[in-house]
Structures are given as C-alpha cells and as structure tokens.
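The following exercises are to be worked with the sequence and the coordinates at hand. Each task is followed by a solution in steps.

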Amino acid sequence: MTEGVRLKDVREGRGKVSLWSEDDGKTVLNLAVNEYLEVPSRLNILPLTRGYLPGDSPSRKFLKYGLHVRIPDVESREEAARHYEQIGIGFQDRIEAVVNTAAGPRRGYCWTGFRDRRHRLARFVDMVEAVELIAYIIKGKLAGPRMDDREEDMQNVNDMPSRSDDDKYNFVLRPMPVKFSENPAADAFDLRADCKCEDSQFHCESNKRYVAGEDLMCAHIVAAFGLASSKRSSNIVVQNPFAIPREKMIRLKEKVATQTIIMKKDRHGGAFREAPTKAEVEALLWIAMKEVNYMEMFYHDDTAKKMLEAAECIKV
Ligand SMILES: [Zn+2]
C-alpha cells in the first residue's frame, strides 16, 4: 500500500511541490495526489538527546537517541492498579496526555516495565502498520498467525506474517493485561515480546555502548496484541498500551510516507532529495500532530478490539 515518494514525478516537474513548515499537520492531510511537501534540510527533524557513534546514519541515531516522550512515571505495580481502579486512569489516558503535550519531532513514546526495568518504545508508524497488517490478514491477503493462549496471562504467537518481507515471526506476548489477572493495569506496562524482525534487531544492536536495553514494540507485536485481544472471550484484554489509529491517522501516515520529500546535503554541500525513512516518517507525524485533535486521530480503547474495526476500513 505504501509506496515510496514519487520522486521521479517531482524531478521531472510533474508534481506540485511546496515547502513543509512547522505547523503543517492539516496541510499534509489535504495534499492532492500529485502534491508534495519538501522538508528543507535546515529543519532539524531528527533532534538527539545525547552522544552517539559518528558512523551511524541520522535515522539510526534518532531511533536510539532521538527525543521521545515518556508515559508519566508510575512508581509501582500497586500504584498503577490504584490509578486504574480508584481514579480511572488507564494506559490510554496516559498516551493521550503525552501526545497532547508533545511539541515537535519525537522518535515515539516510551515507558519502563516494573518487573524488568527495561524501556519500551512504541512508534505511531508501527501502530499504523500493525492495523494495515491486520487488514491484510482479516481480508485474506496474508495467512494469519497461529495463536495459542493455554496460559491465561500469555499468548503464544506463531508464524506472524510480515508485509515487508517473506519471513514469519514467533514470539510470546507476556504478561497479557487480561481481566482475571491480579493487576492488568500494571501488566500493560510489563507487556513484552521478543520479535526477531529487522526493525527490532536493528533497534537492539544499533550501538555496542548502549547498555540499558530498550525494546521496540514493532508492528508485528502490536498487530499480534490486537488480534489476540479480539479473539479472547473468556479472559478479555482490559488494558492496552498502544494507540489505535483512526482512518484519519492512517491517511496522515500514508501521506507523510508517500508525499513528503526530505532534502539532504551531501558531503560537498550539494543538496539531494530522498523519500523519508521510517524514523523520519515518525518524526514528521509528531510534528503534524501538534495541529490535529487527538480524538480525531485515535480511538480510546482499553480492550484493543478497535484495531480490527480500524483494519476493516482499510482497502487492501
Ligand atoms: Zn517485529
């Protein structure tokens, strides 16, 4: 579905190109088919927090060391349960709060698990791809994964397909934040899976000096979580750590991926045009979201079942 930016069109003078400015969320959504937005190289869309090895590409550095937003800290599993049960604050409220206060390009939103103290990174680009992947599966264009939930707090996922390669991935989602768990609100923070796809591996091994450990919640993990959530009936998922894109958000990601052009400088000071990388698409989505209403872009769904409804609307 997502094809590269039609750079050829632009080079040959067929497309209409305007300059991306800081507040272009709405402009991107309204681009006609042959219109493009060019992101000038002086706009730093991949801002970094700290040092890095000089050999890495800017997108690679950003994925690891770029600015991010943190889901507000919760001190303990007990505090997560108290917020959820007594005040009614769940993970979906936390995502909405951080998105509404973000002001500029980010590599995604992060949080820390209680049990393993590892960081998790979730990106909008992966959450949209997850819904697209579910669309391919429920509409029969890709064979769905085999799933087995014999244990109530785990989901064994086998042969999770991919849209970008022919590989199939196996992993376990655990703990599942399900109804009969002793503390689903905390389980949502602790959810983990070890996918072996290129995005996840690239993330883990991008730098030998990186010691803290951070897991990327790749599109396969998010899609598997959505599929598992909708399948469970006896012990349903009641907390969801992922934002579920509405049709408008899916369209925004599509337009950013195919109708923006990144201007880059080569070593000799010359300029060249490139289609955005996944890291750049994520950064531009965060910039664009400053101008749009959260509730227009995302569902607020603790059970994650809306992922299937969102996927139904996608043409494959
Ligand atoms: Zn993956």
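**Exercise 1. Burial of a helix and of one residue**

Task: Determine whether helix 3 (residues 58-65) is largely enclosed or open, and list its buried residues.

Solution. The model is a predicted one. Six of the eight residues of helix 3 are buried, so this helix is largely enclosed by the rest of the structure. The buried residues are Ser59, Lys61, Phe62, Leu63, Lys64 and Tyr65.

Task: Classify Ala279 as buried or exposed, and state which residues it contacts beyond its neighbours within four places in sequence.

Solution. Step one is to locate the residue: Ala279 belongs to helix 11 (residues 278-289). Step two is to apply the cut-off: a residue is buried if 20 or more other C-beta atoms lie within 10 Å of its own. Ala279 has 24 C-beta neighbours inside 10 Å and therefore counts as buried. Step three is to list the contacts: apart from neighbours within four places in sequence, Ala279 touches Leu46, Ser59, Phe62, Leu63 and Arg107. Of these contacts, Ser59, Phe62 and Leu63 are among the buried residues of helix 3. As a further check on distance, the C-alpha atoms of Ala279 and Val69 are 15 Å apart, with a sequence separation of 210 residues.

**Exercise 2. Domains and core**

Task: State how the chain is divided into domains and where the largest nonpolar core lies with respect to them.

Solution. The domain assignment gives domain 1 (7-46 + 254-289) and domain 2 (58-247 + 293-312). Their C-alpha centres are separated by 28 Å. At the contact between them, 13 residues of domain 1 meet 16 residues of domain 2. The side of domain 1 that touches domain 2 consists of nine nonpolar residues, one polar residue and three charged residues.

The largest nonpolar core has 83 residues, and those touching the most other members are Val131, Ile134, Leu173, Val222, Ala224 and Leu285. Helix 6 (residues 124-138) contributes the most to this core, namely eleven residues. Both domains give residues to the core, so it lies between them. For Leu173, the contacts beyond four places in sequence are Met154, Gln155, Val157, Leu191, Ala193, Ala224, Phe225 and Ala228.

**Exercise 3. Two open sheets**

Task: For the sheet with strand order 1-2-11-12, establish which strands stand at the edges and how each pair runs.

Solution. This open sheet has four strands and mixed pairing. Strand 1 (16-19) and strand 12 (271-274) each have a single partner strand, so one side of each is left without a neighbour in the sheet. On average, neighbouring strands are turned by 30° against each other, direction ignored. The pairs can then be taken in order:

- Strand 1 and strand 2 (residues 35-39) are parallel, with four bridges; Ser18 stands opposite Leu37.
- Strand 2 and strand 11 are parallel, with three bridges; Leu37 has Thr260 as its bridge partner in strand 11.
- Strand 11 (residues 260-265) and strand 12 are antiparallel, with four bridges; Met263 is partnered by Arg273.

Task: Identify the edge strands of the sheet with order 3-4-5-9.

Solution. This sheet is also open, with four strands and mixed pairing. Strand 3 (69-70) and strand 9 (214-216) are the edge strands, each pairing on one side only. Within the sheet, strand 4 (residues 109-112) and strand 5 (residues 119-122) are antiparallel over four bridges, and Cys110 has Leu121 as its bridge partner in strand 5.

Note on methods
Residues numbered from 1 in each chain as written. Predicted model: local features only at pLDDT ≥ 70, side-chain atom pairs only at ≥ 80, totals over all residues. Domains from an automatic or database assignment. Contact = placed C-beta atoms within 7 Å. Nonpolar A, V, L, I, M, F, W, Y, C, P; charged D, E, K, R; others polar. Core = buried A, V, L, I, M, F, W, Y, C linked by C-beta atoms within 7 Å. Buried ≥ 20, exposed ≤ 12 C-beta atoms within 10 Å, placed from the backbone. Pairing = 2+ DSSP bridges. Axes fitted to C-alpha atoms, helices over the stretch in contact; angles between N-to-C directions.
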